[in-house]
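Colleague: I should be grateful for a close look at one part of this model, the nonpolar core, together with its surroundings. Please set out the details in a connected account.

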Amino acid sequence: MTNTKNIECLSEKMLHSYLLDEDEGLGTSSIKNHLKQCSQCRSVYQSLKEVGQEVRSMVVQKTTSPKSIRNISKYELFESIGKGGMGE
């Protein structure tokens with residue numbers, strides 16, 4: 001893909017690798033310079049960055065489970081949702 005300044009755009013894979021600090025052979029300084037000049041690649045890069053932040057946030061929420069209030073055999077009780085046969 002070529003942008004409006006006739007600069008060859010970076011692939012999503014390159015931008016993703018750059019985001020993860022993995023060198024794709026193009027070099028960090030070349031990618032930084034390209035992002036300064038190319039609004040299309042900056043937009044894709046920003047989108048990838050936002051998705052990554054959302055995923056990390058979901059993983060953190062998933063791995064930080066609430067403390068259980070009671071253990072029953074091999075099960076953990078986190079909250080009571082009712083008691084008795086008639087919802088007492």
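Modeller: The account below begins with the chain as a whole, proceeds to the core and its cysteines, and ends on the surface.

The model is a predicted one. Its secondary structure comprises 3 helices and 2 strands, arranged along the sequence in the pattern α-α-α-β-β. Of the 88 residues in the chain, 18% count as buried. Among contacts between residues at least 6 apart in sequence, 45% link residues that are at least 24 apart.

The largest nonpolar core consists of 10 residues, namely Cys9, Leu10, Leu15, Tyr18, Ile31, Leu35, Cys38, Cys41, Tyr45 and Leu48. Three helices, α1 (12–19), α2 (28–37) and α3, each contribute at least two residues to this core. The greatest contribution is that of α3, with 3 residues. Helix α3 itself spans residues 39–63.

Tyrosine 18 deserves separate mention as a member of this core. Leaving aside residues up to four places away in sequence, tyrosine 18 touches Thr28, Ile31, Lys32, Leu35 and Tyr45. Ile31, Leu35 and Tyr45 are likewise listed in the core.

The cysteines of the core call for a closer reading. The structure holds 0 disulfides. Cysteine 38 takes part in none, and its nearest cysteine sulfur, belonging to cysteine 41, lies 3.7 Å away. Cysteine 41 is also in no disulfide, its nearest cysteine sulfur being that of cysteine 38 at 3.7 Å. Because a disulfide requires two cysteine sulfur atoms within 2.5 Å, the separation of 3.7 Å does not qualify. Cysteine 38 counts as buried because its relative accessibility is 0%. Cysteine 41 counts as buried as well, because its relative accessibility is 1%.

Serine 39 is placed in helix α3. With a relative accessible area of 46%, serine 39 is partly exposed, whereas cysteine 38 is buried. The C-alpha atom of serine 39 is separated by 9.9 Å from that of cysteine 9, although the two residues are 30 apart along the chain. Cysteine 9 is one of the core residues.

The surface completes the picture. Val51, Val55, Met58 and Val59 make a nonpolar surface patch of about 350 Å². Within this patch, valine 55 belongs to helix α3, the helix that gives the most to the core. Valine 55 counts as partly exposed because its relative accessibility is 41%. For the chain as a whole, the accessible surface amounts to about 7400 Å², and 51% of it belongs to carbon and sulfur atoms.

In summary, helix α3 supplies 3 residues to the core and also contains valine 55, a residue of the nonpolar surface patch.

Definitions and conventions
Residues numbered from 1 in each chain as written. Predicted model: local features only at pLDDT ≥ 70, side-chain atom pairs only at ≥ 80, totals over all residues. Heavy atoms only, no water. Patch = residues over 30% accessible without salt bridge, like charges linked within 9 Å, V, L, I, M, F, W, Y side chains within 5 Å. Areas by Shrake-Rupley, 256 points an atom, 1.4 Å probe, with all protein chains shown as cover. Salt bridge = Lys/Arg side-chain N within 4 Å of Asp/Glu carboxyl O. Helix = DSSP H or I, 4+ residues; strand = E, 2+ residues; numbered from the N terminus. Buried < 20%, exposed > 50% of the residue type's maximum accessible area, 1.4 Å probe, protein only. Core = buried A, V, L, I, M, F, W, Y, C linked by side-chain atoms within 4.5 Å. Contact = heavy atoms within 4.5 Å.
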